[in-house]
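Please look through the structure below before reading my points, which go from one helix to the sheet, the cores and the chain as a whole.

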Amino acid sequence: MSPVIRAALFQTAWTGDKESMIQVHEQAVRDAAAQGAQVLCFQELFYGPYFCQVQDKAFYEYAEQVPEGPIVRRFQDLARELGIVLILPVYEEEQPGVLYNTAAVIDADGSYLGKYRKHHIPQVPGFWEKFYFRPGNLGWPVFDTAVGRIGVYICYDRHFPEGWRALGLAGAEIVFNPSATSRGLSRYLWQLEQPAAAVANEYFVGAINRVGVEDLGDNDFYGTTYFVDPEAQFVGEVASDKETELVVRDLDMAKLREVRDRWQFFRDRRPDAYGPITAP
């Protein structure tokens, strides 16, 4: 693991069609690589609108197999060309009628390392996700990449501390949280929960959110994408709340050992006392 990792996040608005949205993200990969970024994560369900504002089976067409589908393959080729690690939040079809909100992790040589499936699925106005996704069933994997050990948590997951902790215990050094979250619902939590998770679990967090109002509803996605370190300090500026933005930041990984040696949260855990937490 390098002592400093240059990492990137990309927030953008829906372009109106799938192919142009893919092209926007391909250009973001090239721009990030040109700035020296070694790893880049996109927003939740990156190549489409946030279709969970409505319940319409027509959007099942956005799902593809992972990693066999054309979008993952396309970005594998780009990762290989540019030597960059990519986290791709996609709509996954395991088989017809079995669909997940998923993130594929691609290493810098273009190899597919695995996937995370979103565990916690909301079903509230503007976020009708149970219509589209089954709950994740692959646990909380941590991926050994060219830039270190990476974990993924997706959007609504961030309200649940258990997965954050599982990723920390599994050795995650950076956890990415691709999201689609809107002004007026969870805005007050956005710059609270991920910094708290970074402190409690002693790793870096990259929080990504899309921007704009889409034609499927009135959800106003407020961007403000950021990196936060294990002392809850933002790494550089927080992104715009309205504009497309590529966030590129240098993460000093030496801070992980410094903070973990200082606090010893993992040493002082009491898993023998936590049984009631797992009761249904």
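**Notes on the model**

1. Helix α4 (residues 187-201) lies across β10, β11 and β14, and runs at about 35° to β14. Here helices (H or I, at least four residues) and strands (E, at least two) are DSSP runs, numbered from the N terminus, while axes are lines fitted to C-alpha atoms, for helices over the stretch in contact, with angles from 0 to 180 degrees between N-to-C directions. Please keep in mind that this is a predicted model, in which local features need pLDDT of at least 70 and side-chain atom pairs count only at pLDDT 80 or more, whereas totals for chains, interfaces and linings use all residues. Residues are numbered from 1 along each chain as its sequence is written, and side-chain values use heavy atoms, with hydrogens and water left out.

2. The length of α4 can be checked: its 15 residues, at 1.5 Å a residue, should span 21 Å, and the end C-alpha atoms are 22 Å apart, which agrees. The expected span is 1.5 Å times one less than the number of residues in the helix. Just after α4, E202 takes a positive phi of about 60°.

3. Which residues of α4 are buried? They are L189, W190, E193, Q194, P195, A197, A198 and N201, where buried means under 20% relative accessible area, exposed over 50% and partly exposed in between (1.4 Å probe, protein chains only). These buried residues pack against α3 (161-169), β10, β11, β13 (220-222), β14 and α5, with contact meaning heavy atoms within 4.5 Å.

4. The sheet beside this helix is open, has 5 strands in the order β8-β9-β10-β11-β14, and shows mixed pairing. Its edge strands, β8 (142-145) and β14 (226-228), each pair on one side only, and the twist averages 25° from one strand to the next. Two strands pair if DSSP finds at least two bridges between them; β10 (residues 174-179) and β11 (residues 204-209), for instance, pair in the parallel sense over 6 bridges, and I174 has F204 in β11 as its bridge partner.

5. Strand β3 (residues 85-95) is mostly covered, with 8 of its 11 residues buried. With β2 (residues 39-41) β3 pairs in the parallel sense over 3 bridges, and C41 has I87 as its bridge partner in β3. With β4 (residues 98-106) the pairing of β3 is antiparallel, over 9 bridges. The hairpin of β3 and β4 has 2 residues between the strands, and G97 in the turn has a positive phi of about 85°.

6. A nonpolar core is a set of buried Ala, Val, Leu, Ile, Met, Phe, Trp, Tyr and Cys residues joined through side-chain atoms within 4.5 Å. The largest one has 43 residues, of which V39, I87, F176, Y203, F227 and L251 touch the most other members; its largest share, 4 residues, comes from β11. Apart from it lies another core, of 41 residues, including I22, V29, A63 and I84.

7. P276 lies in the segment after α5 (254-263), and counts as exposed because its relative accessibility is 66%. The C-alpha atoms of P276 and D157, which are 119 residues apart along the chain, are separated by 20 Å.

8. UniProt, in an unreviewed entry, places the feature "domain: CN hydrolase" at residues 3-253. Over residues 3-253 the chain is 22% helix and 31% strand, and the end C-alpha atoms are 5 Å apart.

Terms used:
UniProt positions renumbered as here; feature names shortened; annotations may be inferred.
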